[in-house]
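The report below goes through a protein model from one buried side chain outward to the packing around it. Please keep the sequence and the structure at hand while reading.

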Amino acid sequence: VSACPEDRLEDFVRGDLVGAEAASVRRHVDGCASCTGEAQWLMREREALSVALFTRDPLPPAARVLSLAAPPRPVASWLGVLSLALAPVAALVAITFVGARPIAEVREPVVVDARDVVPACFLGGDATEGANAVELAYAACLVASPRPGRAAADSIVTDRPLSSLGSEACE
Amino acid sequence: VTVAPWLSIHVALTARDDEAPACALDRASLGRIYEEHAPSVRRFLRGLLGSAAAADDGTQETFVRAFRKLATLRDGQRLRPWLLGIARLVAMEACRARKRLVSEVLAPEGEDGCTPESSLLGAEAACRARDALASLSPDRRAALLLRIDHELSYEEIADAMGWSTPKAKIEVHRARVVLRAHLDGDGGAR
């Protein structure tokens, strides 16, 4: 009998060996009581654990995992430039329409239709990027233009609450 | 009126660049990775944590972490051992968070428990295997599962566990001794 193929015995039991190598190990195992016993143990271990860990339960849904794993996409650099360009406009509008009002009044719940200030291409493109654009414009609008339409803005941005941004902007 | 709050929001949003997506794969590709490997990860966590609910939570957490760090994986061939390595860390954190004793981690639950009825149904070996797993240290338990149930090489186990290959072999061997003792009905004597 050849030397015991200790290193290959587990591969043999798993069925990972093929061809001449598998045949060689099989010949040895058939003629070696020690390896036969070890092979039987290896199979017994696998079967016991296989049954012990078996489950029929469905997996957690992939969509949930993916949504949790997806980090917020950064605002594109050109969006940042656009945001900065809009800032003076927002300030001008604010001074025109709200400037004379006390700060306390600005803190009142403000409603804005974000669609008035966000280019349609943002809203029709990537959802996350669009959401970021809407948030930026919406925050600007909160300090600039207390016009009706907050409900509409909330309906545009569905994956990120605007209420915290709104209150932060008004302060 | 000031635009400062508006600018601060802008800074906050752009600062998220620090957490830029680590993976360049699209959502469909990530979904395929999940579908392919999640059963294996959950099974591993089931073996480590015992509870099916904890295994589900751990599976979700494992993939959330993995997808955020996917770009750090240089060798795609190592994806499965890499995922299982993350799962092991998730399991360890879950155990610490719950302040569970090792002996409680794999306590039988519900219909998986080792009851006379389950023995009659031919699940005695499975019950003994669960008992054996519960009696092992978390690391040794993980090594045993990675070797026998997930068929990782000793090199892959060493990689996933942060061990040397010889240590991986020794730990698996010692865990096997315990498992076989339990399967032989001699678990309590060791």
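## A histidine in a loop

Setting aside the residues within four places of it in sequence, His150(B) makes contact with Ser40(B), Arg43(B), Phe44(B), Arg80(B), Leu84(B) and Leu145(B). The model is a predicted one, and the contacts described here are computed from its atoms. His150(B) belongs to the loop that joins α7 and α8 of chain B, and, with a relative accessibility of 2%, His150(B) counts as buried. One of its partners, Arg80(B), is 70 residues away in sequence, yet the two C-alpha atoms are 9.4 Å apart in space.

Glu151(B) sits in the loop between α7 (138-149) and α8 (154-161) of chain B, and has a positive phi of about 55° although it is not a glycine. Is Glu151(B) buried or partly exposed? Its relative accessible area is 31%, and because buried means under 20% and exposed over 50%, Glu151(B) is classed as partly exposed.

## Helix α8 and its cover

In α8(B), the buried residues are Tyr154(B), Ile157(B), Ala158(B), Ala160(B) and Met161(B). Viewed down the axis of α8(B), these buried residues fall within an arc of 165°, so they line one face of the helix. An α-helix has 3.6 residues a turn, so residues three or four places apart point the same way.

The cover over the buried residues of α8(B) includes elements of both chains, namely α1 (6-14) of chain A together with α4, α7 and α9 of chain B. Just after α8(B) comes Gly162(B), which takes a positive phi of about 75°.

## A buried glutamate

Glu171(B) lies in helix α9 (residues 165-183) of chain B, and its relative accessibility of 8% means that Glu171(B) counts as buried. Apart from neighbours within four places in sequence, Glu171(B) is in contact with Arg140(B), Ala143(B) and Trp163(B).

## The nonpolar cores

In soluble globular proteins, nonpolar side chains tend to be buried together. Here the largest nonpolar core has 60 residues, and those with the most contacts inside it are Phe44(B), Phe63(B), Phe67(B), Trp82(B), Leu146(B), Ile157(B) and Leu179(B). Helix α4 (residues 79-98) of chain B supplies the largest share of this core, ten residues. Two of the residues named for this core have already appeared above: Phe44(B) as a contact of His150(B), and Ile157(B) among the buried residues of α8(B).

Phe63(B) has contacts in both chains: with neighbours within four places in sequence left aside, its partners are Val65(A) and Ala69(A), together with Ile33(B), Tyr34(B), His37(B), Ala38(B), Val41(B) and Leu83(B). A second, separate core is made of eleven residues, among them Phe12(A), Ala22(A), Cys35(A) and Ala39(A).

## A nonpolar patch on chain A

Leu82(A), Leu86(A) and Val89(A) make a nonpolar surface patch of about 220 Å². Leu86(A) is part of helix α5 (residues 77-97) of chain A, and, with a relative accessible area of 37%, Leu86(A) is partly exposed.

## Chain B as a whole

Chain B has nine helices and zero strands. Of its 190 residues, 48% are buried, and the accessible surface of chain B comes to about 9,300 Å², with 52% of that area belonging to carbon and sulfur atoms. Among the contacts in chain B with a separation of 6 or more, 65% are between residues 24 or more positions apart.

Conventions: Residues are numbered from 1 along each chain as its sequence is written. Chains are lettered from A and ligands numbered from 1 in the order in which they are written. This is a predicted model: local features need pLDDT of at least 70, side-chain atom pairs count only at pLDDT 80 or more; totals for chains, interfaces and linings use all residues. Side-chain values use heavy atoms; hydrogens and water are left out. Patches are made of residues with over 30% relative accessible area and no salt bridge: like charges are joined within 9 Å, nonpolar side chains (Val, Leu, Ile, Met, Phe, Trp, Tyr) within 5 Å. Accessible areas come from the Shrake-Rupley method with a 1.4 Å probe; for residues, only the protein chains shown count as cover. A salt bridge is a side-chain nitrogen of Lys or Arg within 4 Å of a carboxyl oxygen of Asp or Glu. Helices (H or I, at least four residues) and strands (E, at least two) are DSSP runs, numbered from the N terminus. Buried means under 20% relative accessible area, exposed over 50%, partly exposed in between (1.4 Å probe, protein chains only). Contact means heavy atoms within 4.5 Å. A nonpolar core is a set of buried Ala, Val, Leu, Ile, Met, Phe, Trp, Tyr and Cys residues joined through side-chain atoms within 4.5 Å. The arc is that of the directions from the helix axis to the C-beta atoms.
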